[in-house]
Amino acid sequence: MSHQSTYNPQTGFEKWLDARLPIVRLGYDSFVDFPTPRNLNYWYTFGGILAVFLVIQILSGVVLAMHYVPHVDHAFDSVERIRRDVNYGWLIQSMHANGAAFFFVAVYLHMFRGLYYGSYKSPREILWIIGVVIYLLMMAAAFMGYVLPWGQMSYWGATVITNLVGALPVVGEGIREWLWGDFAVGNATLNRFFSLHYLIPFLIAGLVILHIWALHVPGNNNPTGVEVKGKGDTLPFHPYYTVKDGFAIVLFLMIFAGFVFYLPNVLGHADNSIEANPLVTPAHIVPEWYFLPFYAILRAVTFDIGPISAKLGGVLAMFGAIGVLFVVPWLDGSPVKSMRYRPIAKWCFLIFVIACLGLGWCGAENPDNLVFEFGGVGMKFVVLSQILTAYYFAFFLVILPVLGFIEKPTERPASIEASVLGSSSNATPAE
Amino acid sequence: MTDHISEEPTRRDFIYIAAGGAAAIGGALTIWPFIHQMNPAADTLALGSIRKDISSLAVGQEITIMFRGGPVFIRRRTEAEIAEAVDTPFDALPDDMARNENLPDDASAVDANRVLNPEFLIVKGNCTHLGCVPVGNGAGDYDGWFCPCHGSHYDASARIRRGPAPENLPVPTYIFENEGAVVKLGATSDEVAAAGWSVA
């Protein structure tokens, strides 16, 4: 629940401002005095980490845009110039490129946390849906950003992904040319991708405000999934969670800095150090690692389904894998939020996480390579990706709905306070 | 309850509907330029045709040239390749359409519908699966092209034979000039009509 404001302006200026624009009150109520469940663990720190990375990406991106030239003849060289000649360009470019990767590390952990603790359930459906929209925009921004350096992987990644749209019946080819602004990925495409890549982070920032707003109406979920019942269940956000979030942010930034300084290219692809060439396709096209699971799902559909061709089927499966997230709040019928108290769902979730990682592995490999070989027989990656894709969809469309009916949850604590202090404690006298 | 069944529409109702309708139509008309600006611009469309001298191509030689931002394969086929392409049974072709912009859409995929002069095979060089550039010079299991991205095999007439690609490599509009020494890619429909293209 939105709580009663406890902000008490002290100085004359604060009182004067508060009567005109209560912005300090808003900040105080949202990030200082905000009542937060006392049992949030470190999985709950990724929201703050994500906010920090959005700021890092915007600041480093604004700087890069001062030196980058969005033209097919200059884009590749301008990025090389940033990395070699621009003062601290090597640092800021590395922050931006690796920042994207760490942004996705954090968002995936944030999403898995939400799934495990049932953070999408009533009354937080809108909060969850806004999060999925932010995730979609992140993917769009990351995809277009990867095109900008105009290397071989940039160009051919853009070609393959925009060609997916061509799979749509009737309107597909028209939309594809509309996206390109040409008959192939070219200068018009690069220009518009740069424009949109600059726009999207600000859309994300706006949605983040809505995300926090939708969080602060019902308040945080927590690892028990039991809603806040009284004052003993919560602590003020500051200093308890400013410190906890701050500690996690510092740890996460340390790992990030390790990559920025010592492994700046390890997450990239060698082919992107070759300038884009529309006449030569690299032997093995792979997207950035954070798209690999969806790439594997795309390639898992190798068969026609009735009137739907394999190509269109793959595209539908890939978008469906993200689209299904929008309806998770209504697919999961269990009234118990946290999987801590759901003995079957907990294991299905663990397998789901492994399936996602496995799909990432499949996405990086050639579909016809063998996962393992034993005495002349083996399994191709395409078969593994088909099995894992089936599980991915089954988890959302079969397991979650069915478990709502058949699973018997274990006993939950009476309150957050009881879960923290133990059931034998009599810390809260009956009032 | 009192009944208000047949309340006459008032002048205010009319203004609401007229204003709302005008705003909706005006909004839609305003959106269109902002959508259409993303389609290929006039100068992009004007880059429609190029000429290439092909008289120096040896038999069995293949070149790739840029046309409208993408590759076009020009291959001077050997007798054996032509024979193989002509003799391929029709039911071995997953895509039975010619995909030839010089011919009507319903032309069949026989080799004669893919070429103007059987010696020169001219096709756009982006795989019809996801747009990669296939490897040529007789690559793949059907002596034509092989796409390394997702494993599509094309034959000596650049028709899809196996793999995820749904269609044959398309034939761009073209005509020969200077008694066959020069190919003009992006020929107009009048030029195509006069060049002797016909459905086999």
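Where in chain A does A:Pro123 lie? A:Pro123 is in the loop between H5 and helix H6 (125–147) of chain A, and the peptide bond leading into A:Pro123 from A:Ser122 is cis, with omega near 5°. Keep in mind that this is a predicted model, where local features need pLDDT of at least 70, side-chain atom pairs count only at pLDDT 80 or more, and totals for chains, interfaces and linings use all residues. Residues are numbered from 1 along each chain as its sequence is written, chains are lettered from A and ligands numbered from 1 in the order in which they are written, and side-chain values use heavy atoms, leaving out hydrogens and water. Helices (H or I, at least four residues) and strands (E, at least two) are DSSP runs, numbered from the N terminus.

**Unusual backbone**

- For context, most peptide bonds are trans, and most residues other than glycine have a negative phi.
- Besides the A:Ser122 to A:Pro123 bond, there's a cis peptide bond between A:His238 and A:Pro239, with omega about 10°.
- A:Pro239 sits in helix H10 (residues 237–262) of chain A.
- Over in chain B, B:Arg68 has a positive phi, near 50°, and lies in the loop between strand E2 (62–67) and strand E3 (70–76).
- B:Arg68 is partly exposed at 31% relative accessible area; buried means under 20%, exposed over 50%, and partly exposed in between (1.4 Å probe, protein chains only).

**A nonpolar surface patch**

- A:Tyr88, A:Trp90, A:Phe261, A:Tyr262, A:Leu263 and A:Val266 make up a nonpolar patch on the surface, with about 720 Å² of accessible area together.
- Patch members have over 30% relative accessible area and no salt bridge; like charges are joined within 9 Å, and nonpolar side chains (Val, Leu, Ile, Met, Phe, Trp, Tyr) within 5 Å.
- The areas come from the Shrake-Rupley method with a 1.4 Å probe, and for residues only the protein chains shown count as cover; a salt bridge puts a side-chain nitrogen of Lys or Arg within 4 Å of a carboxyl oxygen of Asp or Glu.
- A:Tyr88 has a positive phi, near 60°, sits in the loop between helix H4 (75–84) and H5, and is exposed at 55% relative accessibility.
- A:Trp90 belongs to helix H5 (residues 89–116) and is partly exposed, at 41%.

**A buried threonine**

- A:Thr189, in helix H9 (residues 187–216) of chain A, is buried, at 0% relative accessibility.
- The side chain of A:Thr189 reaches the backbone oxygen of A:Trp180 at 2.8 Å.
- Leaving aside residues up to four places away in sequence, A:Thr189 touches A:Leu179, A:Trp180 and A:Ala184, where contact means heavy atoms within 4.5 Å.

Conventions. Polar contact = N/O pair within 3.5 Å; in protein donor to acceptor, adjacent residues only side chain to side chain.
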